[in-house]
Amino acid sequence: QVQLVESGGGLVQAGDSLRLSCAASGGTASNYAKGWFRQAPGKEREFVAAISWSGDSTYYADSVKGRFTTSRDNAKNTVYLQMNSLKPEDTAVYYCAGVPLRYSRRNYVPKQDDEYDYWGQGTQVTVSS
């Protein structure tokens with residue numbers, strides 16, 4: 001069974017950058033679409049970004065579009081979330097999620113949390129003003 005482990009979170013100032021990583025273990029995840037979600041204290045979990053397993057398609061929440069970029073390195077079984085121009089409202093626990101898809105859906109980008117089967121434990125990102 002594939003396990004996902006996030007890393008790269010931390011405390012930064014507004015305007016700084018961070019890169020989160022999501023490493024898969026326990027099997028290849030190259031045919032998994034991957035998504036990033038976040039949950040701030042007292043708020044519902046929300047979609048941030050996602051990438052198809054082909055890597056050809058990505059999708060971003062409006063709140064992060066133009067600032068965040070997701071990418072993947074299938075040889076390393078790792079997905080990344082590059083976060084630039086961070087704002088205090090980006091403070092949250094960030095989760096990586098994955099779902100295996102058939103080749104015919106290699107360009108599909110899942111955007112809902114209930115579309116994902118596997119979840120990481122989360123990594124805290126705190127942006128101070």
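These legends accompany several close-up views of a predicted model.

**Figure 1. The whole chain, an all-strand protein with 11 strands and 0 helices.** Let's start with the overall picture. Along the sequence the elements run β-β-β-β-β-β-β-β-β-β-β. The C-alpha atoms occupy a box of roughly 45 × 25 × 25 Å along the principal axes. For 129 residues, a compact globule would have a radius of gyration near 14 Å, and the protein agrees with this at 14 Å. Of the contacts with a separation of 6 or more, 62% join residues 24 or more positions apart.

**Figure 2. Surface and charge of the protein, with an accessible area of about 6600 Å².** Carbon and sulfur atoms contribute 43% of that accessible surface. Buried residues account for 43% of the 129 residues. The protein carries 14 positive and 13 negative charges, and the mean positions of the two sets lie 5 Å apart. The structure has 5 salt bridges, and the next views look at some of them.

**Figure 3. Arg38 and its salt bridges to Glu46 and Asp90.** Take a moment with Arg38, which sits in strand 4 (residues 32-39). Its closest N to O approach to Glu46 is 2.6 Å, and the salt bridge with Asp90 has an N to O distance of 2.9 Å. The Asp90 partner belongs to the loop between strand 8 (78-83) and strand 9 (92-100), so this pair links parts of the chain that are distant, 52 residues apart. How buried or exposed are the two ends of the Arg38 and Glu46 pair? Arg38 has a relative accessible area of 5% and is therefore buried, being under the 20% cut-off. Glu46, at 36%, is partly exposed because its value falls between 20% and 50%.

**Figure 4. Asp90 and Arg67, a salt bridge between two loops.** Here the closest N and O atoms are 2.8 Å apart. Arg67 lies in the loop between strand 6 (58-60) and strand 7 (68-73), while Asp90 lies in the loop between strand 8 and strand 9, so the bridge ties together parts 23 residues apart in sequence. Both Asp90 and Arg67 are buried. Which residues do the shared partners join into one network? They are Arg38, Glu46, Arg67 and Asp90.

**Figure 5. Ser17 and its surroundings, in the loop between strand 2 (10-13) and strand 3 (18-25).** With a relative accessibility of 40%, Ser17 counts as partly exposed. Beyond its neighbours within four places in sequence, Ser17 is in contact with Val12, Gln82, Met83, Asn84, Ser85 and Leu86. You can also look from here towards Arg67: the C-alpha atoms of Ser17 and Arg67 are separated by 9.4 Å, with their positions 50 residues apart along the chain.

**Figure 6. Asn77 and Ser85, two non-glycine residues with a positive phi.** Most residues other than glycine have a negative phi, which makes a closer look at the backbone worthwhile here. Asn77 has a phi of about 55° and is placed in the loop between strand 7 and strand 8. Its relative accessibility of 16% is under 20%, so Asn77 counts as buried. Ser85 has a phi of about 50° and belongs to the loop between strand 8 and strand 9. In contrast to the buried Asn77, Ser85 is partly exposed, with a relative accessible area of 41%. Ser85 is also one of the contacts of Ser17 shown in the previous view.

Key:
Residues are numbered from 1 along each chain as its sequence is written. This is a predicted model: local features need pLDDT of at least 70, side-chain atom pairs count only at pLDDT 80 or more; totals for chains, interfaces and linings use all residues. Side-chain values use heavy atoms; hydrogens and water are left out. Helices (H or I, at least four residues) and strands (E, at least two) are DSSP runs, numbered from the N terminus. The radius of gyration is taken over C-alpha atoms; the globule rule is 2.2 Å times the number of residues to the power 0.38. Buried means under 20% relative accessible area, exposed over 50%, partly exposed in between (1.4 Å probe, protein chains only). Contact means heavy atoms within 4.5 Å. Accessible areas come from the Shrake-Rupley method with a 1.4 Å probe; for residues, only the protein chains shown count as cover. Lys and Arg count as positive and Asp and Glu as negative; His and the chain ends are not counted. The place of a charge is taken as NZ of Lys, CZ of Arg, CG of Asp or CD of Glu. A salt bridge is a side-chain nitrogen of Lys or Arg within 4 Å of a carboxyl oxygen of Asp or Glu.
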